[in-house]
Amino acid sequence: MDEITIRHRTAYRYRSPVRLNAHRIVIRPRESRELRLLSTDVSITPAASLSWSYDVFGNAVAIATFVDATDLLTIESVAKIELDAPAWPVFDVAASAIQYPFPYS
């Protein structure tokens, strides 16, 4: 099993302060039998209130609501995951298909 840390940062800069509407954020990895979420941390500037739910596909979705106007919005996420997937490819490759482009007679 491999432990992996995923760091993601998104930043928006505005010419002047703006009032932000609610933002729908899908930033957390979806767990499966091969991917286990060990920890997650989301930080948003300016301060936001987060409300978590799941969509119909099983993705964790956060709705961020803001109070203050701002000229800079940053969303940062750090997720630690445990990956237990078989090495790629997960199927046998014919010896004739190892070289690409494929040789033809």
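This is a walk through a predicted model of one protein chain, from its overall outline to its sheets, its core and a few single residues.

Let us start with the whole chain. It has six strands and zero helices, so reading from the N terminus the elements simply run β-β-β-β-β-β. If you turn the model to look along its principal axes, the C-alpha trace spans about 65 × 30 × 25 Å. The radius of gyration is 21 Å, whereas a compact globule of 105 residues would come out near 13 Å. Buried residues account for 21% of the 105 residues. The contacts reach across the sequence: among those between residues at least 6 apart, 75% join residues at least 24 apart.

A record helps to place the main part of the chain. In an unreviewed UniProt entry, residues 5–82 carry the annotation "domain: Bacterial transglutaminase-like N-terminal". Over residues 5–82 the model is 71% strand and 0% helix, and the C-alpha atoms at the two ends of that stretch are 9 Å apart.

Now to the sheets. One of them is open and has three strands in the order β1-β6-β3, with antiparallel pairing. Its edge strands are β1 and β3, the latter covering residues 35–45, and each of these pairs on one side only. On average, neighbouring strands in this sheet are turned by 10 degrees against each other, ignoring direction. The antiparallel partners β1 and β6 are joined by 13 bridges. To find one of these on screen, pick Thr 10 and look across to β6, where its bridge partner is Ile 75.

Another open sheet is built from three strands in the order β2-β5-β4, and here too the pairing is antiparallel. The edge strands are β2, at residues 23–25, and β4, at residues 48–54, each with pairing on one side only. From one strand to the next, the twist averages 25 degrees.

Strand β5 takes up residues 60–66, and three bridges join β2 to it in the antiparallel sense. His 23 is a good place to see this, as its bridge partner in β5 is Ala 64. With β4, strand β5 pairs over seven bridges, again antiparallel. Here you can look for Ser 53, whose bridge partner in β5 is Val 61.

The turn between β4 and β5 deserves a closer look. This hairpin has five residues between its strands, and within it Gly 58 takes a positive phi near 90 degrees. Asn 59 also sits in the loop between β4 and β5. Is Asn 59 buried or exposed? Asn 59 counts as buried because its relative accessible area is 19%, and the cut-off for buried is under 20%. Leaving out residues up to four places away in sequence, Asn 59 touches Val 26, Arg 30, Ser 53 and Tyr 54.

What about the nonpolar interior? In soluble globular proteins, nonpolar side chains tend to be buried together. In this model the largest nonpolar core has nine residues: Leu 20, Ile 25, Ile 27, Ile 44, Ala 62, Ala 64, Phe 66, Leu 73 and Ile 75. Strands β5 and β6, the latter spanning residues 70–83, each supply at least two residues of this core. The most comes from β5, which gives three residues.

One of the core residues, Ala 62, has a telling list of neighbours. Not counting residues up to four places away in sequence, Ala 62 touches His 23, Arg 24, Ile 25, Leu 50, Ser 51 and Trp 52.

For a last stop, go back to the start of the chain and find Ile 6, which lies in strand β1 at residues 2–18. Ile 6 is classed as partly exposed because its relative accessible area is 37%, a value that falls between the cut-offs of 20% for buried and 50% for exposed. Which residues is Ile 6 in contact with, leaving aside its neighbours within four places in sequence? They are Pro 29, Ser 77, Val 78, Ala 79 and Ile 81. Take Ser 77 as an example: Ile 6 and Ser 77 are 71 residues apart in sequence, yet their C-alpha atoms are 7.9 Å apart in space.

Note on methods
Residues are numbered from 1 along each chain as its sequence is written. This is a predicted model: local features need pLDDT of at least 70, side-chain atom pairs count only at pLDDT 80 or more; totals for chains, interfaces and linings use all residues. Side-chain values use heavy atoms; hydrogens and water are left out. Two strands pair if DSSP finds at least two bridges between them. Helices (H or I, at least four residues) and strands (E, at least two) are DSSP runs, numbered from the N terminus. Axes are lines fitted to C-alpha atoms, for helices over the stretch in contact, and angles run from 0 to 180 degrees between N-to-C directions. A nonpolar core is a set of buried Ala, Val, Leu, Ile, Met, Phe, Trp, Tyr and Cys residues joined through side-chain atoms within 4.5 Å. Buried means under 20% relative accessible area, exposed over 50%, partly exposed in between (1.4 Å probe, protein chains only). Contact means heavy atoms within 4.5 Å. UniProt positions are given in the numbering used here, feature names are shortened, and annotations may be inferred rather than shown by experiment. The radius of gyration is taken over C-alpha atoms; the globule rule is 2.2 Å times the number of residues to the power 0.38.
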